[in-house]
Structures are given as structure tokens and as C-alpha cells.
Amino acid sequence: MSFQLSDEQRAIRDAVREFGENEIRPVAREHDEQKQYPHDLVQQAAEYDLVAPTIDPEYGGAGMDLLESVVVTEELWRADPGIGSAIGSRGFGSTMIQEFGDDWMKEEWLPRVASGESATCSCISEPAHGSNVAGIETRAEEDGDEWVLNGNKMWITNGTVADVAVVMAKTDPEAGHRGITAFLVPTGLDGFETTKIDNKLGIRASDLAEIVLDDVRIPAENVIGEVGKGFYQLMAFFADGRTNVAAQAIGTAQAALDAAVDYAGEREQGGQRIGEYQAIRHKISEMATNVEAARSLAYRAATHVESGDDDVAAKFASMAKLFASEHAVDVADEAIQVHGGAGFVTDHPVERFYRDARITKIYEGTSEIQKNIIADQLL
């Protein structure tokens with residue numbers, strides 16, 4: 001099975017790479033140190049169809065398939081993981097709206113997201129419930145022709161910059177995962193309160209927040225899909241999300257590898273470039289091999305997801321995320337080692353790549369969760 005990119009896919013890759021090199025990299029360190037959300041870069045990225053690229057053309061999106069969006073994600077994170085995260089996550093939740101939302105939801109929100117005007121967020125995780133989606137405690141109760149939402153959401157990307165949220169809540173607390181419903185919730189409503197989380201280890205240019213829902217009232221028409229089907233609707237996108245996280249990890253690892261190669265070609269020790277020493281050459285060879293293996297696995301996962309074979313897609317998406325995220329941290333660590341003491345300070349970007357890579361082992365299901373999923377498909 002070949003995973004060579006087509007001419008069109010290579011053109012997408014080259015365009016994103018050029019945007020990253022010219023617009024993102026020059027300001028990456030500044031945004032990381034100041035923990036500054038890149039509003040201007042988001043708008044520029046939208047002009048290149050890089051914000052929520054899978055939104056259908058009828059709503060102003062690029063209509064990319066998963067493999068194409070994986071290429072976009074990889075290149076954005078190669079330029080800088082923090083800014084890449086801010087751009088790539090701008091449309092979190094828009095796939096749920098596009099796939100299961102009513103026409104009015106799509107017409108009102110998808111063009112605004114694709115144009116960069118608005119951001120969405122997906123409110124799933126809670127203080128006591130991360131990977132265990134079925135255990136969420138946020139409640140939604142019917143009150144006439146409205147739903148009233150109460151609960152606490154944690155680790156929400158875009159929490160303070162989003163204009164609308166896709167909120168997962170229990171409408172039948174006794175039914176477990178069968179009692180979860182997805183709601184479209186404008187963030188300006190009374191009772192929707194956000195607190196920015198800015199003491200993150202990495203991807204500091206990306207927005208993260210805690211959200212409290214205190215008697216938030218929404219019309220009955222704001223149910224996305226069907227009441228009680230939210231968990232199943234969410235499950236439809238897990239493989240997509242995990243494949244995209246694999247792409248994030250690959251982009252970060254590639255950036256770390258690039259930095260290590262450049263440094264090894266410039267730094268001299270003992271009268272020669274350190275890249276001429278076998279120890280450094282072996283490190284870089286292993287780093288490059290792991291990056292390419294992760295890339296091949298992610299592209300294969302994207303192909304399986306697009307094919308519609310859910311079981312195979314779930315297995316390969318988890319494999320791709322597990323392998324890519326674990327090795328991204330290892331590659332970034334080795335990049336610091338190649339730099340020696342210079343890699344431990346902010347004069348070089350590898351310390352940032354090391355911090356940024358670490359999150360890919362956690363969100364969209366931890367490495368341990370991915371191992372469980374893979375084992376379930378094999379045993």
C-alpha cells in the first residue's frame with residue numbers, strides 16, 4: 001500500500017510550509033514566551049484555507065479530506081506547535097456541527113469559522129473525567145422549550161476565544177454513555193463563565209480554559225443531532241482526532257530533527273563539525289527513521305479512516321497516535337542532547353519543541369488508552 005502524496009497534496013504541503021516559514025517561525029518564540037494567542041496569524045491562515053480545512057466548500061471551507069488536513073496539521077506544527085495548535089484547533093467542534101447539526105447551525109457558524117471570524121470549542125473533559133467520556137457529570141435538564149445546563153468543563157482548547165461551544169452533557173444520568181447529548185451553546189450566554197489556564201508546560205500560544213456552566217439556558221433547537229446520541233456522535237470522530245494528533249507529534253518531531261541537523265552541521269568541537277562524529281550521526285539517523293515511520297503510520301491511518309472501515313481505522317489511528325507521540329518526545333529529547341547545554345536554554349528552539357511535544361501523549365486519549373484500544377482490536 002503506497003502513501004506517496006499526490007501532486008495536489010504536495011502543493012498543499014508546500015503552501016503551508018511556506019506560510020509557516022515566512023509568517024509563523026519568525027514570531028514563534030515571542031508568542032511562546034508571552035503566552036500570546038496569535039489572532040493576526042489565525043486570520044492570515046484563514047485566507048489560505050488553513051482554518052478548519054475540512055469544512056465543506058458550500059460553507060466557505062476548503063473541503064479537504066483527512067489526509068490533506070493531516071498534511072496541513074503536520075506543517076503548521078513543524079513551523080511552531082503553539083501557533084500551529086491555535087490555528088489548527090480554531091474549528092474544534094465544527095465537525096460535529098457539520099455532520100450532525102441542523103441546517104441553521106451550519107449556515108450560521110461554519111462560514112464564520114472557515115473565514116477566521118469565529119472560533120469554536122469542544123467541551124468534553126471535566127476535572128474528574130478525561131479519557132472516561134461516559135463518566136461526565138455535566139447535566140442538561142429540560143425546562144419547557146429550553147434546556148438548562150450545569151457543570152464544569154476542564155482543559156478546553158479555545159475556551160476564552162470561542163464564540164460558540166459544542167457541550168457534551170448528561171440528559172439521562174442513569175443511562176451511562178447512552179444518556180449523553182451534544183448541545184450548541186453560544187459562549188456569550190449568561191452563566192457561561194471561562195477562566196484562562198496559562199501556566200502550561202507547552203503550546204503556550206494556544207488558548208486553554210476551565211469553563212463553568214451555571215444555569216445556562218439554550219433553546220430546545222440547540223440540540224446537535226439526537227438527544228441521547230451524543231456519545232455515539234462523538235465516537236465518529238475519535239479516529240480523525242487521534243490521527244491529527246499523530247500529525248501534530250510528527251510536525252514537532254520533524255522540527256526538532258531539522259534543528260538538530262542544522263546545529264550538527266554548524267557546531268564545531270575538537271576541530272570538526274559535531275555532525276561528523278559517529279555518536280551524533282547515529283542519533284540523527286534514529287531520529288529521522290522514527291519520524292518517517294510515524295509519518296507513514298499516520299498517512300496510513302488517515303487512509304483507513306477515509307475508507308470507512310471503522311474497526312481498522314480505530315486501530316491504526318491509535319497506533320499512529322501512540323507511536324508518533326511517544327517518539328516525538330524522544331526525538332525532541334535527542335535534539336536537546338545534540339545541542340548539549342545550548343539546547344537547555346531558549347536561545348535555540350529545541351527546548352520549546354520538547355515542552356510542546358509532551359502534550360501529544362495525553363490529549364485525545366493518553367498513550368495508555370491507545371494501547372487498550374489497539375489490544376481490543378487484536379485480542
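Start by selecting Glu 292, a partly exposed residue with a relative accessible area of 43%. Keep in mind that what you have open is a predicted model.

**Stop 1: along helix 9**

With Glu 292 still selected, add Arg 295. The two form a salt bridge, and their closest N and O atoms are 2.9 Å apart. Both residues belong to helix 9, three residues apart, which is about one turn of the helix. Are the partners buried or exposed? Glu 292, as you saw, is partly exposed at 43%. Arg 295 counts as buried, with 12% relative accessibility, because the cut-off for buried is under 20%.

**Stop 2: from helix 9 across to helix 10**

Now select Lys 283 and Glu 334 and show their side chains. Here is another salt bridge, 3.1 Å from N to O. Lys 283 sits in helix 9 (residues 278–307) and Glu 334 in helix 10 (residues 310–339), so this pair ties together parts that lie 51 residues apart in sequence. Lys 283 has a relative accessible area of 22%, so it is partly exposed. Glu 334 is partly exposed too, with a relative accessible area of 22%.

**Stop 3: helix 1 and a network**

Go back towards the start of the chain and select Arg 29 and Glu 33. Their side chains meet in a salt bridge of 2.9 Å, N to O. Both lie in helix 1 (residues 7–34), four residues apart, or about one turn of the helix. Check the surface around them: Glu 33 is partly exposed with a relative accessible area of 43%, and Arg 29 is partly exposed at 39%.

Which residues should you pick to see salt bridges joined up? Select Arg 17, Glu 75, Arg 78 and Asp 258, which are linked in a network of salt bridges. How many salt bridges does a search of the whole structure find? The count is 19.

**Stop 4: helix 2, one side in and one side out**

Color residues 39–47, which make up helix 2. Its buried residues are Leu 41, Val 42, Ala 45 and Ala 46. They cover an arc of only 145° around the axis, which puts them on the same side of helix 2. Then turn the view around: the face of helix 2 pointing away from that buried side carries the exposed residues Asp 40 and Glu 47.

What covers the buried residues of helix 2? The cover includes helix 1, helix 4 (81–88) and helix 6. Before you leave, click on Asp 49, which follows helix 2 and has a positive phi, near 65°.

**Stop 5: helix 6 and its neighbors**

Helix 6 was part of that cover, and it makes a good next selection: residues 103–114. Try a distance between its end C-alpha atoms. You should get 16 Å, in agreement with the 16 Å that 12 residues should span at 1.5 Å a residue.

Next, highlight the buried residues of helix 6: Met 105, Lys 106, Trp 109, Leu 110, Val 113 and Ala 114. Their arc around the axis is only 125°, which places them on the same side of helix 6. Now bring up what covers them. From the helices, select helix 2 and helix 5 (94–100), which are among the covering elements. From the strands, the cover includes strand 1 (120–123), strand 4 (164–170), strand 5 (180–186) and strand 8 (223–224). Just after helix 6 comes Gly 116, with a positive phi of about 90°.

**Stop 6: a loop towards the end of the chain**

Jump to Ile 362, in the loop between helix 11 (350–357) and helix 12 (367–378). Ile 362 is partly exposed, at 44% relative accessible area. Add Gly 130 to the selection: the two are 232 residues apart along the chain, yet their C-alpha atoms are separated by 9.7 Å.

**Stop 7: zoom out**

Clear the selection and show the whole chain in cartoon. Its secondary structure comes to 12 helices and 10 strands. Along the principal axes, the C-alpha atoms fill a box of roughly 80 × 45 × 40 Å. The radius of gyration is 21 Å, which agrees with the value near 21 Å that a compact globule of 379 residues would have.

Switch on the surface to finish. The accessible surface comes to about 16,600 Å², and 45% of this belongs to carbon and sulfur atoms. Of the 379 residues, 52% count as buried. As for contacts between residues at least 6 apart in sequence, 74% join residues at least 24 apart.

Methods:
Residues numbered from 1 in each chain as written. Predicted model: local features only at pLDDT ≥ 70, side-chain atom pairs only at ≥ 80, totals over all residues. Heavy atoms only, no water. Helix = DSSP H or I, 4+ residues; strand = E, 2+ residues; numbered from the N terminus. Expected span 1.5 Å × (residues − 1). Buried < 20%, exposed > 50% of the residue type's maximum accessible area, 1.4 Å probe, protein only. Arc of directions from axis to C-beta. Contact = heavy atoms within 4.5 Å. Salt bridge = Lys/Arg side-chain N within 4 Å of Asp/Glu carboxyl O. Rg over C-alpha atoms; globule rule 2.2 N^0.38 Å. Areas by Shrake-Rupley, 256 points an atom, 1.4 Å probe, with all protein chains shown as cover.
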